[in-house]
Amino acid sequence: MLFSILYSIVRLFLRIAPNGDAREREAEILVLRHQLAVLRRQNPRPKLHRRDRMLIAALAGMLRPERWHGFLIQPATILRWHRDLVRRKWTFKHNKVGRPPLEPALVSLIIQMAKDNPRWGVIRIKGVLQGLGYQVGATTIRTILRRCGIKPAPRRDGPTWAEFLRLQARGIMACDFFTVETASLRTLYVLFFIEHGSRRVRITGVTRNPSGDWTTQQARNLAMDGNLQGASFLIRDRDTKFTRSFDEVFSTEGAQVIRSPVRSPKANAIAERFVRTIRHELLDQVIILGPRHLRALLDEYEAHYNSQRPHRGIELYAPETIGTDVTPVPVEQIRRARAVGGLISEYRVAA
């Protein structure tokens, strides 16, 4: 009822207005203003392009400020746009004053010198560059090194933590068990060893009853195959399956056994990461029927892991291809090969 009364009042007001084009223009203006109010409720901050701003700012100059209430934006915004246009008008290109910038190749050479020679200071690098025919100021060299986060020579003397751990990792080996549930819900235990430096893994055995004697025999087999040469440390947890005779096998080979703290899987992080990898890529994708089935899959995965799978910790090399240079081959000669029962794809050059 109230809506009908308001509607009648509006119609009566429009009839009282002058007839002809003037009444039509007034009605059109009212409709446009109401539509504008509806749009403001739906989208309070419309996105305007630069040409829209120029047009609105130019037309605003033709109206008195008290008539700016019909615009989508505030009067202060229009004034700011106009100031920006004036600023652009009086903007000229200025030639930069100062020394010309160094070539990117020369900057890379300076950074490489500082990284390759931790004990070289700014003056030493400047002298070497001068001997090569480049005149670079000491302040410029210092600025380049500071921008790259390279500290002065006395503070970067000696290896970094990453370099120190990488050098120490060459003689560290870790071992651990992981379990696999078969289709008949029987638990199988798998013993593996992994080298920290090369990430090479060796899966030594699968059993249903992992006793201390069985674990010791796996260590002996590993030593007889010559896989403990160069190992200085062995990291293992405090599982009772690792007996004193197991440790004596490594002590005889010159390796010191280090036991990780209780309930501290991060102390043996590389071994734990391998368990997560093999579960994600293999064990979670297939149902194991028995020990022989599991052993066959693990042998195939071990070969793939050591020869084909790239590792972040060794600069995306595979353990058996560390430091090797590969010559690019035409793409049409690359073929896909399936490994580990078809679960994993390998890409090789066609024979």
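This briefing describes a sheet, a hairpin, a pair of helices and one buried loop residue. The model is a predicted one. Five of its strands form an open sheet with mixed pairing, while strand 6 and strand 7 pair with each other in the antiparallel sense. Helix 5 and helix 6 pack at an angle of about 130 degrees, and Leu282 lies in the loop between helix 11 and helix 12.

**The five-stranded sheet**

- The open sheet has the strand order 3-2-1-4-5, and the pairing within it is mixed.
- Strand 3 (201-207) and strand 5 (256-259) are the edge strands, and because each has a single partner strand, one side of each is left without a neighbour in the sheet.
- From one strand to the next, the twist averages 25 degrees.
- Strand 1 (residues 172-181) and strand 2 (residues 187-195) run antiparallel and are joined by nine bridges, and in this pairing Ala174 stands opposite Ile194 of strand 2.

**Helices lying across the sheet**

- Helix 10, made of residues 244-252, lies across strand 1, strand 2, strand 4 (233-236) and strand 5, and runs at about 155 degrees to strand 4.
- Helix 11, made of residues 269-281, lies across strand 1, strand 2 and strand 3, and runs at about 35 degrees to strand 1.

**Helix 5 and helix 6**

- Helix 5 (residues 104-116) packs against helix 6 (residues 122-131) at an angle of about 130 degrees, and their axes are 11 Å apart.
- The two helices, helix 5 and helix 6, are therefore oblique to each other, and helix 5 passes helix 6 in a right-handed crossing.
- Helix 5 contributes Leu106, Leu109, Ile110, Met113 and Ala114 to the contact, whereas helix 6 contributes Ile125, Val128 and Leu129.
- Sorted by class, this contact of helix 5 with helix 6 has eight nonpolar residues, no polar residues and no charged residues.

**The hairpin of strand 6 and strand 7**

- Strand 6 (residues 334-339) pairs with strand 7 (residues 344-349) over six bridges in the antiparallel sense, with Ala339 standing opposite Ile344 of strand 7.
- Four residues lie between the strands of this hairpin, in which Val340 takes a positive phi near 55 degrees.

**Leu282 and its surroundings**

- Leu282, found in the loop between helix 11 and helix 12 (291-307), has a relative accessible area of 0% and is therefore buried, a term that applies under 20%.
- Leaving aside residues up to four places away in sequence, Leu282 touches Leu297, Leu298, Tyr301, Val340 and Leu343.
- Leu282 and Leu297 are 15 residues apart in sequence, and their C-alpha atoms are 8.4 Å apart in space.

Technical notes: Residues are numbered from 1 along each chain as its sequence is written. This is a predicted model: local features need pLDDT of at least 70, side-chain atom pairs count only at pLDDT 80 or more; totals for chains, interfaces and linings use all residues. Side-chain values use heavy atoms; hydrogens and water are left out. Two strands pair if DSSP finds at least two bridges between them. Axes are lines fitted to C-alpha atoms, for helices over the stretch in contact, and angles run from 0 to 180 degrees between N-to-C directions. Contact means heavy atoms within 4.5 Å. Angles under 35 degrees count as roughly parallel, over 145 as roughly antiparallel, 65 to 115 as roughly perpendicular and the rest as oblique. A crossing is left-handed if the near helix is turned anticlockwise from the far one by less than a right angle, and right-handed if clockwise. Ala, Val, Leu, Ile, Met, Phe, Trp, Tyr, Cys and Pro count as nonpolar, Asp, Glu, Lys and Arg as charged, and the others, Gly among them, as polar. Buried means under 20% relative accessible area, exposed over 50%, partly exposed in between (1.4 Å probe, protein chains only).
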